[in-house]
Amino acid sequence: MTTISVVYHSGTGHTRKMAEAVLAGAASVGGVETQMIAIEGKDIVEGRWQNDKIMEMLDQSDAIIFGSPTYMGCVSGQMKSFLDATSERYLSRAWVDKIASAFTVSAGLSGDKLNTLSTIAICMMQHGMIWVGLEQTPFNDKGINRLCFYLGAAGQALHEPLEEAPNDQDKETGRLLGIRVASLTKKLKA
Ligand SMILES: Cc1cc2nc3c(=O)[nH]c(=O)nc-3n(C[C@H](O)[C@H](O)[C@H](O)COP(=O)(O)O)c2cc1C
């Protein structure tokens, strides 16, 4: 069985909705089991995130898809604290050759989301993971990858109520990323 984890932080729920779409995509691939993991501020003490159970779940995953809102042009503080805590795994090389990918949600069309995706990608390259981006261009009539990011999936949520943002096009983009990650992870494991 191939195990895919979606690990995310969400302040007001928009990134969680993208996480659900990404997870649904991964779960739709046969022979794959998925787990959704929330990063929460309560696990941060004096700036350091710690949750051994979550780290063990990630150790057992074949692929990890990271999701963060874009806050001030970067990952949220909660996500950064979690990324810093993965340094133990960096030292032991525990995540080498696992698949990695990412998604983000922010208010602006761009909103400096690229820096959020890049921050996560650089961290996972330090881990020796294998990065999977989005392959779809925005040249379609379904709004897939309408925001035109390739490093990962991007969603927009301005002031819309939670039930309306990110919109169906962005969630579909996330779902397709989940499918791609799960399919490639399965191939790599075969
Ligand atoms: C502290 C903070 C900083 C933010 N910085 C940005 C930003 O740099 N660019 C942007 O487009 N939106 C920014 N936003 C808007 C959020 O990215 C947006 O509301 C997003 O949907 C939040 O996701 P969440 O509901 O998962 O927390 C910021 C919001 C907060 C609270």
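The following legends describe close-up views of a predicted model.

**View 1. The shell of residues around the ligand.** The ligand is surrounded by 17 residues, and the closest of these are Ser-10, Gly-11, Thr-12, Thr-15 and Met-72. By residue class, the shell comprises 6 nonpolar and 11 polar residues, with no charged residue. Three secondary-structure elements, α1 (14–27), β5 (63–71) and β7 (99–106), each contribute at least two residues to the shell. The greatest contribution comes from β5, which supplies 3 residues.

**View 2. Polar atoms of the protein beside oxygen atoms of the ligand.** Two backbone approaches are shown: a backbone N or O atom of Gly-13 lies 3.1 Å from an oxygen atom of the ligand, and a backbone N or O atom of His-14 lies 2.9 Å from an oxygen atom of the ligand. A side chain also takes part, with an N or O atom of the Tyr-71 side chain placed 2.9 Å from an oxygen atom of the ligand. On its own the ligand has 650 Å² of accessible area, of which the protein covers 73%.

**View 3. Helix α1 and its surroundings.** The 14 residues of α1 should span 20 Å at 1.5 Å a residue, and the end C-alpha atoms are indeed 20 Å apart, so the two values agree. Because 10 of these 14 residues are buried, the helix is largely enclosed by the rest of the structure. Among the buried residues are His-14, Thr-15, Lys-17, Met-18, Ala-19 and Ala-21; Val-22, Leu-23, Gly-25 and Ala-26 are also included. The buried residues of α1 pack against the strands β1 (2–8), β2 (32–38), β5, β7 and β9 (153–156), and against helix α6 (168–189).

**View 4. Ser-61 and its contacts.** Ser-61 is located in the loop between α2 (52–59) and β5. With a relative accessible area of 1%, Ser-61 falls under the 20% limit and therefore counts as buried. Its side chain reaches the backbone oxygen of Met-57 at 2.9 Å, and a polar contact of 3.5 Å joins it to the side chain of Gln-35. When residues up to four places away in sequence are not counted, Ser-61 touches Thr-3, Ser-5, Gln-35 and Lys-98.

**View 5. Backbone geometry at Met-72, Asp-112 and Pro-166.** Most residues other than glycine have a negative phi, and most peptide bonds are trans. Met-72, in the loop between β5 and β6 (74–75), has a positive phi near 50°. Met-72 is one of the residues closest to the ligand; its relative accessible area, with only the protein chains counted as cover, is 85%, so Met-72 is classed as exposed. Asp-112, in the loop between β7 and α5 (113–126), likewise has a positive phi, near 65°. Pro-166 is found in the loop between β9 and α6, and the peptide bond that joins Ala-165 to Pro-166 is cis, with omega at about 0°.

**View 6. Lys-187 in helix α6.** Lys-187 belongs to helix α6. Its relative accessibility of 64% lies over the 50% limit, so Lys-187 counts as exposed. Lys-171 and Lys-187 are 16 residues apart along the chain, and their C-alpha atoms are separated by 25 Å.

How values were computed: Residues are numbered from 1 along each chain as its sequence is written. This is a predicted model: local features need pLDDT of at least 70, side-chain atom pairs count only at pLDDT 80 or more; totals for chains, interfaces and linings use all residues. Side-chain values use heavy atoms; hydrogens and water are left out. A residue is near a molecule or strand if one of its heavy atoms lies within 4 Å of it. A polar contact is a pair of N or O atoms within 3.5 Å; within protein, one must be able to donate a hydrogen and the other to accept it, and residues adjacent in sequence count only if both atoms are side-chain atoms. Accessible areas come from the Shrake-Rupley method with a 1.4 Å probe; for residues, only the protein chains shown count as cover. Helices (H or I, at least four residues) and strands (E, at least two) are DSSP runs, numbered from the N terminus. Ala, Val, Leu, Ile, Met, Phe, Trp, Tyr, Cys and Pro count as nonpolar, Asp, Glu, Lys and Arg as charged, and the others, Gly among them, as polar. The expected span of a helix is 1.5 Å times one less than its number of residues. Buried means under 20% relative accessible area, exposed over 50%, partly exposed in between (1.4 Å probe, protein chains only). Contact means heavy atoms within 4.5 Å.
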